[in-house]
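Welcome, and please open your viewer with the chain shown as a cartoon. We will go from stop to stop, and at each one you will get a selection to make and a note on what is there.

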Amino acid sequence: MNIINRERLLPAGLLSRLHASYPQHSGLLESREFLFNEKEHYTGLSGFREVCSILNKNGIDIGAIDERELFVEVYRFLATRHTLNSINWDDYPTDSVFQLVFPQPGMIDEQTTQQYIDSEDAKARTQVAVDYMEKTNPHDGNQQLNKPWFVNDEGVLEFLDGSQHKYPQCQLVFDKTTQNCFSFCTYCFRHAQVRGDEDMFIQKDIAQLHEYLRRHTEVTDILITGGDGGYMPVSRLRQYVMPLIEDPSLLHVKNVRLATRALTFQPEMVLTEKYEPMLELFDTMRDNGVQLAWMAHFSTPRELLNPSTIAAIRRLQNHGVNIRSQSPMMNHISLFKDEAGNVDVERSSQNWIDLATILGMMCVGFHSMYCARPTGEHHYYTAPLADMGKIFNRIYRSLASINRPSRHISMTISAGKLAILGTSVVNGEKCFALQFTEARNMEWMDRVILAKYDEKENKIDCLTPLDTDKFFFEDELKQIETDLADALQQRLG
């Protein structure tokens with residue numbers, strides 16, 4: 001509170017305007033007592049059970065405990081005090097944050113669930129969960145092919161085990177300090193990282209990354225991710241950043257992106273004296289022309305409209321941090337069904353229209369929206385592409401241009417990020433118009449692709465070309481993937 005008051009992070013005019021504009025989403029005037037006060041984090045099966053025990057003591061029984069525990073054993077569980085207190089426990093089943101961090105009945109198939117429930121002891125249950133992990137596809141989009149390498153000055157081949165370089169301008173870094181999260185999202189597509197699978201990405205050597213960057217001057221951005229990039233301590237981030245400022249051979253790297261959900265799950269982290277050395281580093285980056293892009297992950301207005309998040313956003317902005325929001329459109333969280341089980345286009349789009357407008361009021365950029373990736377419990381979160389296209393179109397035409405997302409809704413596949421531009425009619429046949437926003441061959445981005453209209457398909461790479469046997473990029477993609485796999489195998493050999 002001293003920091004908030006001293007730095008004027010919660011001006012009354014802003015709070016009043018936000019609440020008056022969106023009282024249906026706001027938690028700014030709520031006065032009920034928090035249920036979770038003792039611990040900062042609740043983690044794992046024991047943490048999940050502790051949370052349920054606290055809820056039970058307060059007369060709340062979420063039910064389906066065995067089924068939820070199966071999910072916890074497969075994908076893990078982690079929730080912060082802030083996350084748990086953000087949930088409206090008077091109506092938790094419809095609360096988006098509850099859906100975001102709590103496993104739900106129906107996520108894992110009935111046969112596996114029943115096998116887990118019928119197991120004779122805890123050891124047998126865990127084995128059911130371990131066996132099911134093999135089906136969870138933690139590396140969709142052929143992510144393992146994105147691992148880069150180089151030959152050093154001594155002629156020795158070096159792999160960057162904690163990095164991905166799929167698109168020329170941007171390199172992903174999975175640093176050893178960012179392998180945890182503040183809370184675990186139930187739809188997480190990086191469960192290999194949070195579970196600690198053998199094939200997870202971990203970058204240990206920072207100097208190795210800089211050496212790779214010197215050889216790849218096409219890279220303008222490094223994206224620190226995980227887990228959660230917000231977990232990186234300032235001493236570690238400084239080792240990444242200062243050479244970008246001080247070494248002329250790294251001048252081509254202009255932007256550092258920090259992929260983090262701290263503003264949703266633990267914004268209080270930013271509001272401490274302990275965080276001030278990090279803010280000083282952000283000042284140094286701004287003063288030397290290196291952009292710090294804080295890639296937040298807001299899906300609902302509720303995540304924004306609380307005092308801690310608002311104050312944290314403003315404190316970061318006061319130190320030159322450009323905050324942008326990117327997030328997927330997920331059923332039960334930011335995409336909703338009507339009573340008949342059909343996608344509710346109006347309600348779903350209004351969630352995003354409200355969110356985009358609030359982001360604008362907070363001077364936060366609306367970067368992008370994504371379809372659910374085909375990993376984890378994809379069936380639970382996805383919806384037909386046709387319906388998601390209708391939602392996005394309504395969002396786009398309802399917003400002032402300054403508040404619109406920077407690109408059309410897209411889905412990541414091995415070929416790149418493929419966006420749904422809309423629909424068209426060619427020779428009397430309705431079709432989707434698609435276009436790459438990122439691609440393994442960046443020249444693919446120049447062409448619009450036509451695919452047959454399908455009211456039920458929910459995976460963009462399963463669409464059928466409108467007037468050809470295959471999409472124009474398929475043969476080249478296959479060759480690229482084969483060459484990458486062969487080169488990787490040869491170097492490993």
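A cavity here is a set of grid points where a 1.4 Å probe fits but cannot get out, and its volume is the space filled by probe spheres set on those points. Keep in mind throughout that this is a predicted model.

**Stop 1: an enclosed space**

Searching the whole structure turns up three cavities of 30 Å³ or more. We visit the second largest cavity, with a volume of about 50 Å³. Select His 82, Thr 83, Ser 86, Val 97, Thr 264, Arg 302, Glu 303 and Asn 306 to see its lining. Which helix gives the largest share of this lining? Colour residues 81–86, helix H5: three of the lining residues come from there. By class, the lining of this cavity holds five polar residues, two charged ones and one nonpolar one.

**Stop 2: an open pocket**

Stay with H5, which also gives the most to the lining of the second largest pocket, namely four residues. This pocket holds about 560 Å³ of space. Its lining has 22 residues, and those to select for the closest view of the centre are Phe 34, His 82, Asn 85, Glu 268 and Ser 308. Now add helix H14 (307–317), which, like H5, supplies at least two residues of the lining. Ten polar, six nonpolar and six charged residues make up the lining of the second largest pocket.

**Stop 3: helix H10 and its cover**

Next, select residues 206–215, helix H10; Ile 206, Gln 208, Leu 209, His 210, Tyr 212 and Leu 213 are buried there. What covers these buried residues? Among the covering elements are strands S3 (149–151), S4 (157–159) and S5 (163–167), along with S6, strand S7 (221–225) and helix H11 (234–246). Before leaving, zoom in on the start of H10, where a side-chain oxygen of Asp 205 comes within 3.0 Å of the backbone nitrogen of Ala 207.

**Stop 4: a cis peptide and a cysteine**

Move to the loop between S7 and H11, the place of Gly 227. Gly 226 and Gly 227 are joined by a cis peptide bond, with omega at about 25°. Most peptide bonds are trans. Then draw a C-alpha distance from Gly 227 to Cys 188: the two are 39 residues apart in sequence and 9.7 Å apart in space. Cys 188 sits in the loop between strand S6 (170–174) and helix H9 (191–195), and is partly exposed at 23% relative accessible area.

**Stop 5: two positive phi angles**

Most residues other than glycine have a negative phi. Select Cys 363, whose phi is positive at about 60°. Cys 363 lies between helix H15 (345–361) and strand S11 (365–370), in a loop. Buried or exposed? Cys 363 counts as exposed because its relative accessibility, 62%, is over 50%.

Asn 427 has a positive phi as well, near 50°. Look for Asn 427 in the loop between strand S13 (416–426) and strand S14 (429–439), where Asn 427 is exposed with a relative accessible area of 81%.

**Stop 6: a buried threonine**

For contrast, select Thr 382, in the loop between helix H16 (378–381) and helix H17 (385–398). Thr 382 counts as buried, at 8% relative accessibility. Leaving aside residues up to four places away in sequence, Thr 382 touches Asn 331, Ala 372, Met 388 and Asn 458.

**Stop 7: zooming out**

Finally, colour domain 1 (32–134) and domain 2 (409–492). Their centres, taken over C-alpha atoms, are separated by 37 Å.

Note on methods
Residues are numbered from 1 along each chain as its sequence is written. This is a predicted model: local features need pLDDT of at least 70, side-chain atom pairs count only at pLDDT 80 or more; totals for chains, interfaces and linings use all residues. Side-chain values use heavy atoms; hydrogens and water are left out. On a 1 Å grid over the protein atoms alone, a cavity is a set of points where a 1.4 Å probe fits but cannot get out, and a pocket is an open set with protein on both sides within 12 Å along at least five of seven lines; lining residues have an atom within 4 Å of a point. Ala, Val, Leu, Ile, Met, Phe, Trp, Tyr, Cys and Pro count as nonpolar, Asp, Glu, Lys and Arg as charged, and the others, Gly among them, as polar. Buried means under 20% relative accessible area, exposed over 50%, partly exposed in between (1.4 Å probe, protein chains only). Contact means heavy atoms within 4.5 Å. A polar contact is a pair of N or O atoms within 3.5 Å; within protein, one must be able to donate a hydrogen and the other to accept it, and residues adjacent in sequence count only if both atoms are side-chain atoms. Domain bounds come from an automatic or database domain assignment.
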